[in-house]
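Visitor: I would like a close look at a single part of this protein. Please take one sheet, go through it strand by strand, and then show me what lies around it in the chain.

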Amino acid sequence: MKFIIGLFCCLFTLSQASAQTCDWPEWQSFKQQYISREGRVIDPSDGKNITTSEGQSYGLFFALVANDRDQFNQLLEWTENNLSAGDLSARLPGWLWGKRADGSWGILDTNSASDADLWIAYSLLEAGRIWHSRGYQLKGTLLLQRIAREEVADIPGLGHMLLPGKVGFANADSWRLNPSYQPPQLLSRLSQVQSLWAEVGKSNQRLLLEAAPLGIAPDWVMWRKDKGWQADENGGTKGDYDAIRVYLWIGMMAGELPERTALIDHYQPMAKLTERAGFPPESVDSLTGQANGTGPVGFSAALLPFLTDPALSIQRERVLNNLPGADAYYNSVLTLFGLGWDRQYYQFNQQGELQASWEKGSCQNMK
């Protein structure tokens, strides 16, 4: 009898802990403004109300950070049913969903976006670990294996590297890569499941250091056989709305890692540009260092994990005084990432595992 009572109390405590949803105001606003009741993340920026696999992947991560399991399940169900034809383990998500020319709604581009795929796999694996779910764990593992088969290339002279998508980024002697697609902490966590990702992590460190010789990240870059790094054929040498995430990801790496120290030191030119101007530039040429424009508030949020005072305090104030509204999907995403990390709602440890504040019983810090 005592055993049964004890077991009941234990299960009750676990259920209470898992049911606890932290009060994260920016996440609540994001849900109201950008997530449909079915679990679709809507990007209204171009007036077409599209959905991308990126948006779904970020939503899953934020729901996990907030211990919002109901929303996590809604997002996952919509993603699997609408972007992967009902089975994430069998098909990589199509990256773009929206209104077709005939008025119906569905996938507009079946090609994949590997950064989204990586975040989905990571969030599933971490949901499995944190919420003690074998179902999430298995789904994340199977998706990760498919990503490795269909989106990773063994590039001569560079090694294993995540391509931006399944189709269109690899030629006989050249590969087009995006430095913002592979957060190092995700690769560290995924390497616990599949050793290949440790090799991708080493290649990614080379990409981040070598493809940005001035310490300014480009949006896109080419690797050519026997020639190495080259300017991208389509995007040139600029770094703006993709590249801003490079500073965000490396800033959120565990502080004790030597890889983080090397990257933070290497990318200090971006910090100096921001401190000098009082705001992040909207665009910077990665080969000349020429900065142009004023970056939106989301850029300031993305730099919060990367900067130190006095620039950090200035950008934090800018973010808090200009929180994005209902018409700024990407700025809202960057704010959730950067401000959420700055407020210690979550961190990453050296193994790349998510450390959410609610796990430590500190949900009050999320208000």
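Guide: What follows starts with the whole chain, turns to one sheet, and then moves along the chain to later parts.

The model is predicted. The protein has 14 helices and 13 strands. Its C-alpha atoms fill a box of roughly 75 × 45 × 45 Å along the principal axes. For 367 residues, a compact globule would have a radius of gyration near 21 Å, and the value of 20 Å found for the protein agrees with that. Of the 367 residues, 56% count as buried. The protein exposes about 15,700 Å², and carbon and sulfur atoms supply 50% of this area. Among contacts between residues at least 6 apart in sequence, 62% join residues at least 24 apart.

Now the sheet. Three strands form an open sheet in the order S6-S7-S8, with antiparallel pairing. Strand S6 (174-177) and strand S8 (228-231) stand at the edges, and each has a single partner strand, so one side of each is left without a neighbour in the sheet. From one strand to the next, the twist averages 30 degrees. As background, strands of a sheet pair through backbone hydrogen bonds, and the pairing is either parallel or antiparallel.

Strand S7 covers residues 221-224. On one side, 4 bridges join S6 to S7, and these two strands run antiparallel. On the other, 4 bridges join S7 to S8, again in an antiparallel arrangement. Met 222 is a useful residue for following both pairings. Arg 176 has Met 222 as its bridge partner in S7, and Met 222 also stands opposite Gln 230 in S8.

The side chains of S7 come next. In a regular strand, side chains alternate between the two faces of the sheet. In S7, Val 221 and Trp 223 point one way, while Met 222 and Arg 224 point the other way. All of these residues are buried.

The link from S7 to S8 is a hairpin with 3 residues between the strands. Asp 226 lies in this loop. Its phi is near 70 degrees, a positive value in a residue other than glycine. The cut-off for an exposed residue is over 50% relative accessible area. Asp 226 has 77% relative accessibility, so Asp 226 counts as exposed. The hairpin loop therefore holds an exposed residue at Asp 226, whereas the named residues of S7 are buried.

Further along the chain there is another hairpin to set beside this one. S10 and S11 form a hairpin with 5 residues between them. In its turn, Gly 289 has a positive phi of about 80 degrees. Strand S10 (residues 281-285) is joined to strand S9 (residues 238-239) by 2 bridges, and the two run antiparallel. Here Lys 238 has Asp 285 as its bridge partner in S10. S10 is also joined to strand S11 (residues 291-294) by 3 bridges, again antiparallel. Pro 281 has Thr 294 as its bridge partner in S11.

After these strands come helices. Pro 310 is found in the loop between helix H12 (297-302) and H13. The peptide bond from Asp 309 to Pro 310 is cis, with omega near 10 degrees. Helix H13 spans residues 311-321 and contains Gln 315. Gln 315 has 1% relative accessibility, and therefore counts as buried. The side chain of Gln 315 reaches the backbone oxygen of Gly 278 at 3.0 Å. Leaving aside neighbours within four places in sequence, the residues in contact with Gln 315 include Thr 274, Phe 279, Pro 280, Ser 300 and Leu 304.

One more loop repeats a feature of Asp 226. Gln 344 is found between helix H14 (329-342) and strand S12 (346-348). Phi of Gln 344 is near 65 degrees, a positive value in a residue other than glycine. With 55% relative accessibility, Gln 344 counts as exposed.

To return to the sheet: S7 has S6 as a partner through 4 bridges and S8 as a partner through 4 bridges, while S6 and S8 stand at the edges.

Notes
Residues are numbered from 1 along each chain as its sequence is written. Side-chain values use heavy atoms; hydrogens and water are left out. Buried means under 20% relative accessible area, exposed over 50%, partly exposed in between (1.4 Å probe, protein chains only). A polar contact is a pair of N or O atoms within 3.5 Å; within protein, one must be able to donate a hydrogen and the other to accept it, and residues adjacent in sequence count only if both atoms are side-chain atoms. Contact means heavy atoms within 4.5 Å. Two strands pair if DSSP finds at least two bridges between them. Axes are lines fitted to C-alpha atoms, for helices over the stretch in contact, and angles run from 0 to 180 degrees between N-to-C directions. The radius of gyration is taken over C-alpha atoms; the globule rule is 2.2 Å times the number of residues to the power 0.38. Accessible areas come from the Shrake-Rupley method with a 1.4 Å probe; for residues, only the protein chains shown count as cover.
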